[in-house]
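Visitor: I am new to this one. Could you show me the structure and explain the terms as we go?

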Amino acid sequence: MYKLSVPCVSCYASGINEEGRKEIVDGAEVQTWLTGKVSDVVAESLLSEDVADIPIFNRIGELNKRDMMAVYQCLERYK
């Protein structure tokens, strides 16, 4: 799924209808991919606390330095 715009977190205005938001993609509902956190789609054993609460829909450029370093360290650990 390519990110074109951030969905509205209150009304879920994403351009995807209700039925589409319930579709399963890589083991999670589309709605989870749009509004969930990393911990919603990645096994707990692969996460650190610093990475778990990052919204899935964030672009790397939207992360602060602490979050970017947490993602980098998590990826390096499981390379």
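Guide: Here are a few questions about the fold, the core and the pocket. Keep in mind that this is a predicted model.

Visitor: What is the pattern of the chain along the sequence?

Guide: It reads α-β-β-α-α-α. That comes to 4 helices and 2 strands.

Visitor: What makes residues 49-52 a helix, α3?

Guide: A helix needs at least four residues in a DSSP run. The element α3 spans 49-52, so it meets that cut-off.

Visitor: What share of the chain is buried?

Guide: Buried residues make up 25% of the 79 residues. Each counts as buried because its relative accessible area is under 20%.

Visitor: Why is the set with Val38, Leu47 and Val51 called a nonpolar core?

Guide: The set has 8 residues: Val38, Leu47, Val51, Ala52, Ile54, Leu63, Ala70 and Cys74. They are buried residues of the listed nonpolar kinds, joined through side-chain atoms within 4.5 Å, so the name fits. Helices α3 and α4 each give two or more residues to this core. In soluble globular proteins, nonpolar side chains tend to be buried together.

Visitor: Which residues does isoleucine 54 contact, beyond its neighbours within four places in sequence?

Guide: Lys37, Val38, Leu63, Asp67 and Val71. They count as contacts because heavy atoms lie within 4.5 Å.

Visitor: How do you know what kind of residues line the largest pocket?

Guide: Sort the lining by type: 15 are nonpolar, 1 is polar and none is charged. Val and Leu count as nonpolar. Val38, Val42, Val51, Val71 and Leu75 lie nearest the pocket's centre, so these five belong to the nonpolar group. Helix α4 supplies the largest share of the lining, 3 residues. The pocket's volume is about 310 Å³.

Notes. Residues are numbered from 1 along each chain as its sequence is written. This is a predicted model: local features need pLDDT of at least 70, side-chain atom pairs count only at pLDDT 80 or more; totals for chains, interfaces and linings use all residues. Side-chain values use heavy atoms; hydrogens and water are left out. Buried means under 20% relative accessible area, exposed over 50%, partly exposed in between (1.4 Å probe, protein chains only). On a 1 Å grid over the protein atoms alone, a cavity is a set of points where a 1.4 Å probe fits but cannot get out, and a pocket is an open set with protein on both sides within 12 Å along at least five of seven lines; lining residues have an atom within 4 Å of a point. Grid points are joined across faces, edges and corners, and a volume is the space filled by probe spheres set on the points.
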